[in-house]
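Visitor: Please show me the structure, and then explain the terms by which its parts are described.

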Amino acid sequence: MDGHLVEGVARVVATDGDTVWLEPEQGEACEGCLSASSCGVKSGGSSRRLMARRFSMVNSFQGQVGDRVVFGISERSLLRASALAYALPLLLMVGGAMAGQLLTGSDADAAIASVLGLVGGLLIARFRAGHLDAKGELSPHFLRYAYGPGPSDHCDQE
Amino acid sequence: MQEFILLMIGAALVNNVVLVRFLGLCSFMGVTTKIDTAVGMGMATTFVMTVSSILAWAIEVFLLAPFGLGYLRTITFILVIAAVVQFTEMVIRKVSPSLFQTLGIYLPLITTNCAVLGIPLLNVQSKHNFIESMLYGFASAFGYSLILVIFAGLRERIALNEVPRLFGGPPIGFVTASLLALAFMGFSGISAN
């Protein structure tokens with residue numbers, strides 16, 4: 001599982017010394033998805049969303065503005081990140097609510113305990129994410145250049 | 001305690017949100033091409049669905065029911081879900097920008113997932129209290145994630161096999177989903193006993 005990578009395509013939008021800034025490209029399947037409008041793929045919100053998802057990498061590949069590159073992140077890191085961001089706060093929230101309900105039998109106490117569990121889970125997630133980030137486990141890696149036109153290279157867009 | 005466990009098994013397996021209630025089929029077909037995508041989407045949906053169930057319960061009990069505003073239930077819950085998704089996106093971004101870059105792609109898709117709206121509405125219909133609403137939302141979302149991962153595994157295997165051209169792509173996906181639904185019908189025996 002360690003060796004498997006989840007790949008994505010991104011375009012270099014800025015360079016700053018040894019660092020490049022990239023914007024991920026939406027997959028072609030996104031255009032046909034019924035939820036595309038909520039992502040901003042079919043609306044004017046697209047560029048704002050992409051800008052929000054801008055990320056940086058070390059420019060070990062001499063990338064220039066406009067280059068399209070394939071980046072990868074390991075499946076294990078993705079699963080660990082998902083567990084950290086969602087599963088841990090959720091489990092602490094559910095656990096807190098169950099404990100509150102079973103100990104006091106009151107909805108109000110269960111609700112307060114669930115909020116405390118959620119906040120505690122988010123704080124632990126923040127600490128652990130910082131730890132993983134420092135080890136570089138959450139950072140995408142350059143794999144190769146992507147060739148051919150990207151989704152934003154077509155001139156017949158709506 | 002036993003009633004909570006039965007409620008969760010019922011929501012996750014016997015009345016599975018995808019294969020029995022047929023909710024959330026768009027994302028079910030859309031994000032199940034790879035297991036890792038299915039896991040990411042499943043966890044994000046579980047989080048949003050559980051938090052939405054709690055907030056929807058609070059709004060129903062403290063606002064809609066006391067003031068006789070039941071006719072605003074659907075639109076209110078849609079707004080609650082959109083707010084929870086936006087809140088989750090903001091929190092993940094604050095907690096860790098790296099996590100947001102890695103996982104943020106799934107969040108907007110949840111807003112239009114009808115399963116996330118369906119579960120709070122079913123909670124109201126079943127007159128669940130706070131803890132029941134939360135556990136029902138959590139277990140339903142777990143059942144949804146479970147199906148997403150199982151189906152993604154099946155589709156990864158199908159992609160490696162030769163499928164007749166007529167059935168290639170979504171048609172074989174729907175055939176597989178129907179067989180999976182038949183298999184899950186076996187769990188209805190639990191409720192009969």
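Guide: What follows is a short series of questions about terms and values, each answered from its definition.

Guide: This is a predicted model, in which local features need pLDDT of at least 70 and side-chain atom pairs count only at pLDDT 80 or more, while totals for chains, interfaces and linings use all residues. Residues are numbered from 1 along each chain as its sequence is written, and chains are lettered from A and ligands numbered from 1 in the order in which they are written.

Visitor: Why is α4(A) called roughly antiparallel to α5(A)?

Guide: The axes of helix α4 (residues 75–104) of chain A and helix α5 (residues 107–134) of chain A cross at roughly 155° and come within 7 Å. Angles over 145 degrees count as roughly antiparallel, so α4(A) is roughly antiparallel to α5(A).

Visitor: Why is B:Ser27 called buried?

Guide: A residue is buried if 20 or more other C-beta atoms, placed from the backbone, lie within 10 Å of its own; B:Ser27 has 26 such atoms within 10 Å and is therefore buried. B:Ser27 lies in helix α2 (residues 25–30) of chain B, and, leaving aside neighbours within four places in sequence, B:Ser27 is in contact (C-beta atoms, placed from the backbone, within 7 Å) with B:Met41, B:Leu109 and B:Asn113.

Visitor: What makes the radius of gyration of chain B agree with a compact globule?

Guide: The radius is taken over C-alpha atoms, and the globule rule is 2.2 Å times the number of residues to the power 0.38. With 193 residues the expectation is near 16 Å, and chain B has 18 Å, which agrees.

Notes
Axes fitted to C-alpha atoms, helices over the stretch in contact; angles between N-to-C directions. Helix = DSSP H or I, 4+ residues; strand = E, 2+ residues; numbered from the N terminus. Parallel < 35°, antiparallel > 145°, perpendicular 65-115°, else oblique. Buried ≥ 20, exposed ≤ 12 C-beta atoms within 10 Å, placed from the backbone. Contact = placed C-beta atoms within 7 Å.
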